[in-house]
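User: I'm new to reading protein models. Could you walk me through some of the contacts here?

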Amino acid sequence: MEGWDPQNLVLPEGGKLRRSQSEYLDQHFNTQKDVSSSSTSCLLLEWTKHCSDCDNRLLHLRTTLMELTLSWISPSFRAKTSLANLKLTLYASSLYGTALQRLLAEELPLLALQLHRIHAIRQYIETALQLEALVGDLEDAVFSSGNHHTGNMFAKFSTSLTSQELVVKEERLHQAIKAMNDIEEIIVNVEKSQWRHLLVSVDQRVDKTLAVLRPEVLAQHRGLLASLGWPPKLITSNVENGGVSKFANPLLIMHGDEKMSYTQSFHLLCALQKLHTSREARKFKTLGQQECEMQLWAVNELVSPLAERMEYHFLKWTEQPEFIFALVYRVTRNFMEGISDILQPLIDAARLTSYSANEASVSAMVHILSGFLTKNVFPTLAERYKDKDMKLEVISLWLNLVDLIVGFDKQMQSLLRYETCLLFPDTQSYSKISRGMSVLIIFCDRPDWLKIWAKMELKDGWKKLKSELKDAKAWQIDDKHGVVFDVSTLLSSGEAHKAPHVAESALKIAQEMIDRCHTLPVISVRSKFVRSTVASFLWYFSNVLLLHCKNAELSPENLDAGALVRACESINAARYVESKLQEWSDDASFLEMKIAENDSNIHEKDKCVTADCFFGEEIKCLAELETNWLMEIVAVLRQFENLISEYNHCDDYIDEDRNTTPNGDSAMSDSLVEALHSLKNHLHVLMKNLNRKDFLDLWRSVAVGLDYFMCGSILASEGRFSRKRSNRIATDMQALFLVFQPFCVRPQAFFPCIRDILKLLTMSGEVVKQLVVGYRVRKVKNIFDFMEFPTYVLIKLRKL
């Protein structure tokens with residue numbers, strides 16, 4: 001440090017030094033001597049080095065700062081640019097307000113959509129690759145299995161279990177089924193993603209593979225059954241007589257390796273069917289394909305060989321179909337004995353839900369018989385029906401065949417012992433299985449045959465009804481309750497309709513039509529058949545009732561007991577049929593048909609629901625017939641007005657000598673005697689022949705009409721009402737009440753107008769004065785307001 005002179009150095013004051021500086025000086029310079037000693041040179045060197053180190057650190061810091069500045073200068077430029085752009089964007093948005101909206105409403109959703117598309121494409125590719133691998137494994141397993149020729153592998157089951165080729169083949173089949181199950185699990189996600197083209201492509205390849213796999217598995221199972229001795233032989237001596245004896249079932253005597261081999265083959269076939277069932281259900285749900293009718297393949301393989309042997313006898317018995325039905329029923333019954341103990345555990349082990357061995361066997365037999373009738377019997381009858389000369393014969397054969405089918409269906413369903421109701425609580429599952437439980441399924445698949453059958457049933461029913469109408473007892477009424485009219489019978493559940501025999505016959509014919517179609521498995525087809533037969537037949541019957549009423553020729557000039565009885569017969573028949581139709585409509589089967597019709601009408605714009613119950617239109621027609629002819633009877637009974645037309649103008653009842661009894665009481669007016677006698681006789685005829693409900697409505701309607709008519713007649717009189725004249729009116733009205741006495745305890749309760757008049761005629765003078773005062777306050781303009789203002793009536797009667 002050249003030029004440094006300690007004397008020229010101005011040192012700071014001791015009080016201004018920091019504590020650390022003071023401690024450092026005190027440590028190195030305790031005395032004056034220390035300042036001039038050699039230690040100061042060492043100290044100078046130390047401080048010189050320290051300053052050099054500080055300079056070096058400062059230089060390093062400057063270098064580091066420069067490097068960091070250079071490293072951040074580029075991002076800062078970008079940030080500055082982004083901030084500037086953002087500033088411009090915000091500025092523009094504040095000016096126009098549309099750019100930001102476009103950013104949020106269009107660009108961001110488009111970006112999200114693109115990201116979603118990329119994700120979907122990635123999922124699609126991954127799923128497609130996974131399915132491709134599984135389908136490839138399936139095809140390798142199936143076609144590799146098909147290329148191994150093992151010969152007759154089921155010829156000797158004692159050695160087949162040790163055959164390496166058979167083991168490899170079964171292993172490959174199991175691998176194929178497993179691959180298809182894995183494919184189905186993945187396809188469930190494909191359905192949710194709605195990749196329809198991928199789904200269709202995979203299904204086509206799997207279906208093509210199944211077309212190879214299923215026949216192979218079935219062929220192996222048939223070979224196994226043949227080696228077991230299936231089918232058993234039918235004893236022809238009993239078959240020729242229309243029956244079949246019990247046969248020895250080879251499945252019941254299986255043991256050891258044979259039983260194990262059959263079990264493995266059965267499980268393999270059930271596993272394949274389970275997979276096929278799930279695939280068909282999925283296709284029906286997602287692709288809209290028609291749902292196929294499922295049967296148990298293993299049971300079909302047992303029944304098919306039996307069918308081939310029975311068909312030989314079927315062809316010989318086409319003119320005697322009762323033998324065909326008897327043969328199928330007995331074979332089915334013998335086949336089911338003990339077979340369920342073997343097959344049902346195998347079905348349960350294969351986890352085939354909603355399948356029963358007994359039901360599968362019945363369904364298979366019904367399917368075989370239906371196929372034979374569809375192919376060999378009904379086409380011939382339908383063709384012969386077109387020939388007019390053969391119609392009567394064909395109708396007889398056709399209806400006889402239908403009766404046999406109905407009886408056969410009941411026999412086959414009785415074999416199940418209500419098993420269907422226990423196994424299939426789900427209505428949908430039951431309806432799907434029940435399609436195979438009735439031979440009448442052939443009419444569900446052939447609407448033209450259903451139409452022919454309906455025409456035959458309707459024509460046959462009308463023919464039976466016409467024969468009933470020719471009987472002299474057809475319109476007779478069984479009066480089991482006698483002629484005594486008791487109101488308590490109206491409240492009982494066994495109300496007497498007094499219906500003629502023809503009504504019972506018509507309902508019996510209609511019930512037979514319903515019973516014949518009861519086993520039709522498709523509700524819509526059953527509904528169509530009932531509409532074409534039963535409903536049309538009931539319309540014909542209502543026309544018969546209407547014509548019977550018209551033939552009675554009811555009129556005031558020709559009102560005799562015979563005419564009234566004929567009208568009552570038709571009304572009773574209509575009432576009884578109406579009540580039975582209401583009962584039928586409340587039945588569950590008709591409720592189902594009505595719901596099916598409503599669902600069908602929803603999809604058909606030209607149709608609309610016109611009734612609340614199935615037979616609503618027919619019930620409405622019968623009710624109108626009853627109402628119209630009851631009103632006709634009431635109108636005819638108004639001849640009472642003609643018979644007493646001079647009651648208002650007759651003055652002979654004022655003469656005391658001619659109009660008093662020996663006891664001094666007033667006698668009934670002569671003009672009422674004949675009218676009341678005639679009314680009493682007609683009401684007695686109606687009570688004896690008309691049903692209780694309608695008769696109750698009728699006599700009450702007559703009473704109301706007479707009440708107004710008689711009051712009008714009394715009020716129309718111009719003469720003064722003396723005490724004697726009032727007594728005469730009371731006597732006449734009591735005679736009128738006696739006519740209705742057999743129908744109720746207090747008939748005057750149904751004549752309120754006449755009852756009020758009789759009360760007014762017996763009032764005291766004081767009460768009359770009070771009523772007159774009230775009348776003057778409240779003016780009455782209508783003479784029929786006496787029920788509200790009886791004072792006016794009193795004034796009219798007394799001429800006050």
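Analyst: Sure! One term to start: a residue counts as buried under 20% relative accessible area, exposed over 50%, and partly exposed in between. Keep in mind that this is a predicted model.

User: Is K464 buried, partly exposed or exposed?

Analyst: K464 has a relative accessible area of 30%. Partly exposed covers the range between 20% and 50%. So K464 is partly exposed.

User: Which residue does K464 form a salt bridge with?

Analyst: Look for a partner of opposite charge, since side chains like that can pair when their charged atoms come close. In this salt bridge the closest N and O atoms are 3.5 Å apart, and the partner is E512. K464 sits in helix α19 (residues 447-469) and its partner in helix α21 (residues 501-516), so the pair ties together parts that are 48 residues apart in sequence. The partner is itself partly exposed, at 26% relative accessible area, and its name is E512.

User: How far apart in sequence are the parts that R205 and E139 tie together?

Analyst: The side chains of R205 and E139 meet in a salt bridge, 3.1 Å from N to O. R205 belongs to helix α7 (residues 196-228) and E139 to helix α4 (residues 99-147), so the parts they tie together are apart in sequence by 66 residues.

User: And D207 with R279: which helices do they lie in?

Analyst: These two form a salt bridge too, with the closest N and O atoms 2.6 Å apart. The pair ties together parts 72 residues apart in sequence, because D207 lies in helix α7 and R279 in helix α9 (residues 256-287).

User: Is R279 buried or exposed?

Analyst: Its partner D207 is partly exposed at 30% relative accessibility. R279 comes out at 2%, and the cut-off for buried is under 20%. So R279 counts as buried.

User: Which residues are linked with D207 and R279 in a network of salt bridges?

Analyst: The pair isn't on its own. The structure holds 23 salt bridges. Linked with D207 and R279 in a network are E184, D203 and R282.

User: How many residues of helix α30 are buried?

Analyst: Helix α30 runs over residues 752-761 and is mostly covered. Its buried residues include C753, I754 and D756, along with I757, L758, L760 and L761. Out of 10 residues, the number buried is seven.

User: How many disulfides does the structure hold?

Analyst: There are cysteines to look at: C517 is buried at 1% relative accessibility, and C744 is buried at 14%. A disulfide needs a pair of cysteine sulfur atoms within 2.5 Å. The number of disulfides in the structure is zero.

Terms used. Residues are numbered from 1 along each chain as its sequence is written. This is a predicted model: local features need pLDDT of at least 70, side-chain atom pairs count only at pLDDT 80 or more; totals for chains, interfaces and linings use all residues. Side-chain values use heavy atoms; hydrogens and water are left out. Buried means under 20% relative accessible area, exposed over 50%, partly exposed in between (1.4 Å probe, protein chains only). Helices (H or I, at least four residues) and strands (E, at least two) are DSSP runs, numbered from the N terminus. A salt bridge is a side-chain nitrogen of Lys or Arg within 4 Å of a carboxyl oxygen of Asp or Glu.
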